[in-house]
Amino acid sequence: MSVELNHTIVHCRDNRESAKFLAHILGLTPGAEWGPFIPLVLSNGVTLDFATVPAESISVQHYAFLVSEAEFDASFERIRTEGITYWADPHRKHPGEINHNDGGRGVYFPDPSGHGMELITRPYGGWS
């Protein structure tokens, strides 16, 4: 039997704002509202379903996206153009920098609800 992640729900203060934010950074288009969700479908078929919840109910999560070098360039340019604070590390000790872990490039940035977003061009630890 094969097992694949199909979708996950991302709690946020405003589902439309958060879906549009990440879609813009990644160069994607959010889907049509479906019930309480605004979906964002990734190229591997996984859907992030953004759901509005009370701010005090949000537990900050981490979402990492494996992107090509060209996609990283385009996304990173959008991060810089929008003036979004970014770091080379998840502990936010290297602001305004990217990392070069495992021979690739990576960057961390917050979404509108405070979730930790990460873009990488190579899987960490050599996993693929």
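Biologist: Which residues of helix 1 are called buried, and what makes a residue buried?

Modeller: The buried residues of helix 1 are N15, S18, A19, F21, L22, A23, I25 and L26. They are called buried because each has under 20% relative accessible area (exposed means over 50%, partly exposed in between; 1.4 Å probe, protein chains only). This is a predicted model, in which local features need pLDDT of at least 70, side-chain atom pairs count only at pLDDT 80 or more, and totals for chains, interfaces and linings use all residues. Residues are numbered from 1 along each chain as its sequence is written, and side-chain values use heavy atoms, with hydrogens and water left out.

Biologist: What is found at the start of helix 1, and what follows just after helix 1?

Modeller: A side-chain oxygen of D14 comes to within 3.0 Å of the backbone nitrogen of R16. That pair counts as a polar contact because its N and O atoms lie within 3.5 Å (within protein, one must be able to donate a hydrogen and the other to accept it, and residues adjacent in sequence count only if both atoms are side-chain atoms). Just after helix 1, G27 adopts a positive phi of about 75°.

Biologist: How do you know that the end C-alpha atoms of helix 2 are as far apart as they should be?

Modeller: Helix 2 (residues 69-81) has 13 residues, and the expected span is 1.5 Å times one less than the number of residues. This gives 18 Å, and the end C-alpha atoms are 18 Å apart, so the two values agree. A helix here is a DSSP run of H or I with at least four residues, a strand a run of E with at least two, both numbered from the N terminus.

Biologist: Which residues of helix 2 are buried, and what puts them on the same side?

Modeller: F72, S75, F76 and I79 are the buried residues of helix 2. They cover an arc of only 100° around the axis, which puts them on the same side of helix 2; the arc is that of the directions from the helix axis to the C-beta atoms. An α-helix has 3.6 residues a turn, so residues three or four places apart point the same way. The face of helix 2 turned away from its buried side carries the exposed residues A70 and T81.

Biologist: What covers the buried residues of helix 2?

Modeller: The cover includes helix 1 (15-26), strand 5 (106-110) and strand 6 (116-120), where contact means heavy atoms within 4.5 Å. Helix 2 lies across strand 5 and strand 6 and runs at about 35° to strand 5. Helix 1 lies across strand 4, strand 5 and strand 6, at about 160° to strand 5. These angles run from 0 to 180 degrees between N-to-C directions, with axes fitted as lines to C-alpha atoms, for helices over the stretch in contact.

Biologist: How do you know that strand 5 and strand 6 pair?

Modeller: Strand 5 and strand 6 run antiparallel and are joined by 5 bridges. Two strands pair if DSSP finds at least two bridges between them, so these strands qualify. G106 has I120 as its bridge partner in strand 6. Of the 5 residues of strand 5, 4 are buried.

Biologist: Why is one side of strand 1 and of strand 2 left without a neighbour in the sheet?

Modeller: The sheet is open, with 3 strands in the order 1-3-2 and mixed pairing. Strand 1 (7-12) and strand 2 (37-41) stand at its edges with a single partner strand each, so one side of each has no neighbour in the sheet. Strand 1 pairs with strand 3 (residues 47-52) in the parallel sense over 6 bridges, and H11 stands opposite A51 in strand 3.
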